[in-house]
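Welcome! Have the sequence and the 3D view open, try each exercise yourself, and then compare your reasoning with the worked solution.

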Amino acid sequence: MPYRPTLSIPRPSVLLPTALLSIVGALSLAACGGRSVEPPAAPLANAYQLILVTTPDWDAPAGTLRSYERLADGGWREVDDAADVTVGRSGTAWGRGLHPQQPGDAKREGDGRAPAGAFPIGIAFGYPDQVRTALDYHAMQASDYCVDVSGSPLYNRIVDTRDVGEDAVVGSTEPMRRDIHRDGDERYRLGFVIEHNADGTPDAGSCIFAHLWQASDVPTAGCTAMAPSRMQALLGWLDPQLKPVFVLLPQAEYSRLRDAWDLPRVPGA
């Protein structure tokens with residue numbers, strides 16, 4: 001059986017009412033909440049849920065996603081089947097997250113690479129008013145943008161132009177309602193934030209999400225994309241009280257770091 005730590009609030013996989021969403025609708029949302037503390041050597045130490053994506057190598061634009069729950073003995077149990085995902089069109093590069101700094105190329109704004117490493121999972125977002133998830137869900141509006149302009153004080157934040165003004169998002173390429181601003185694009189209809197570059201370090205990469213794919217063979221600008229059915233399953237399963245962590249690693253780095261990071265053994269690896 002998966003291990004459930006003692007929690008004071010029961011797991012609430014419920015539909016979030018529109019009235020609740022309106023309370024937070026006017027917030028300036030951090031795409032990655034501020035963290036300035038040096039990350040621990042074991043980034044999964046406090047995690048009871050894990051999403052693990054492995055790719056064949058640093059330049060691969062696709063990979064495999066697996067989900068795990070922590071067991072009472074400290075091990076991991078895989079839940080659901082492995083699923084195909086697409087990642088950055090240029091592959092991956094080291095991101096800024098829960099893990100210590102690693103040798104190798106670092107993620108940069110506009111490089112087309114998905115950030116490798118271990119990251120907290122943030123809010124869920126999408127087009128519907130309500131979604132079945134225990135994550136903090138925000139229904140995106142036409143006025144919501146994620147700021148990917150490195151010189152902006154709002155860099156790597158989801159903001160509402162009704163609060164910050166239209167000038168604050170000039171030059172941003174990330175409207176959160178792509179269906180409205182990008183000719184019916186459905187990729188952000190469901191997703192969640194991967195909290196990369198939490199402190200908003202300039203040019204280190206921004207607006208990193210898990211979201212729906214355009215097609216199974218179409219990579220992203222740096223996010224992780226998947227089929228709608230898998231996204232729906234993940235949103236229904238993820239529980240913020242269980243401190244879920246998202247890990248993305250090329251196969252060689254997964255093999256190097258598996259024991260040190262307390263990662264589960266991937267079949268065949």
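**Exercise 1: Salt bridges and exposure**

Arg113 has a relative accessible area of 22%, so Arg113 is partly exposed. Keep in mind that you are looking at a predicted model.

Task: Which residue forms a salt bridge with Arg113, and which parts does the pair tie together?

Solution:
- Step 1. Look for the partner: Arg113 forms a salt bridge with Asp59, and their closest N and O atoms are 3.2 Å apart.
- Step 2. Place both residues: Arg113 lies in the loop between strand 6 (92-94) and strand 7 (114-126), and Asp59 in the loop between strand 3 and strand 4, so the salt bridge ties together parts that are 54 residues apart in sequence.

**Exercise 2: Two more pairs**

Task: Asp160 forms a salt bridge with Arg162, and Asp259 forms one with Arg258. Is Asp160 buried or exposed? Is Asp259 buried or exposed?

Solution:
- Step 1. Recall the cut-offs: buried means under 20% relative accessible area, and exposed means over 50%.
- Step 2. Take the pair whose closest N and O atoms are 2.7 Å apart, Asp160 and Arg162. Asp160 has 1% relative accessibility, so Asp160 is buried. Arg162 has 59%, so Arg162 is exposed.
- Step 3. In the pair of Asp259 and Arg258, the closest N and O atoms are 3.4 Å apart. Here Asp259 is exposed, because its relative accessibility is 62%, while Arg258 is buried, because its value is 15%.

**Exercise 3: Around strand 3**

Task: Which way do the residues of strand 3 point, and which strands pair with strand 3?

Solution:
- Step 1. Begin with the strand itself: strand 3 covers residues 49-55, and 7 of its 7 residues are buried.
- Step 2. Sort the residues by direction. Gln49, Ile51, Val53 and Thr55 point one way, whereas Leu50, Leu52 and Thr54 point the other way. This fits a general pattern: side chains in a regular strand alternate between the two faces of the sheet.
- Step 3. Find one neighbour: strand 4 (residues 62-70) pairs with strand 3 in the antiparallel sense over 6 bridges. Tyr68 in strand 4 is the bridge partner of Leu50. A hairpin of 6 residues connects strand 3 to strand 4.
- Step 4. Find another neighbour: strand 16 (residues 245-250) runs parallel to strand 3, and 6 bridges join them. Within strand 16, Val247 stands opposite Leu52.

**Exercise 4: Counting**

Task: How many salt bridges are there, and which residues are linked in a network with Glu174?

Solution:
- Step 1. The count comes to 15 salt bridges.
- Step 2. Arg178, Asp185 and Arg187 are linked with Glu174 in a network of salt bridges.

Methods:
Residues numbered from 1 in each chain as written. Predicted model: local features only at pLDDT ≥ 70, side-chain atom pairs only at ≥ 80, totals over all residues. Heavy atoms only, no water. Buried < 20%, exposed > 50% of the residue type's maximum accessible area, 1.4 Å probe, protein only. Helix = DSSP H or I, 4+ residues; strand = E, 2+ residues; numbered from the N terminus. Pairing = 2+ DSSP bridges. Salt bridge = Lys/Arg side-chain N within 4 Å of Asp/Glu carboxyl O.
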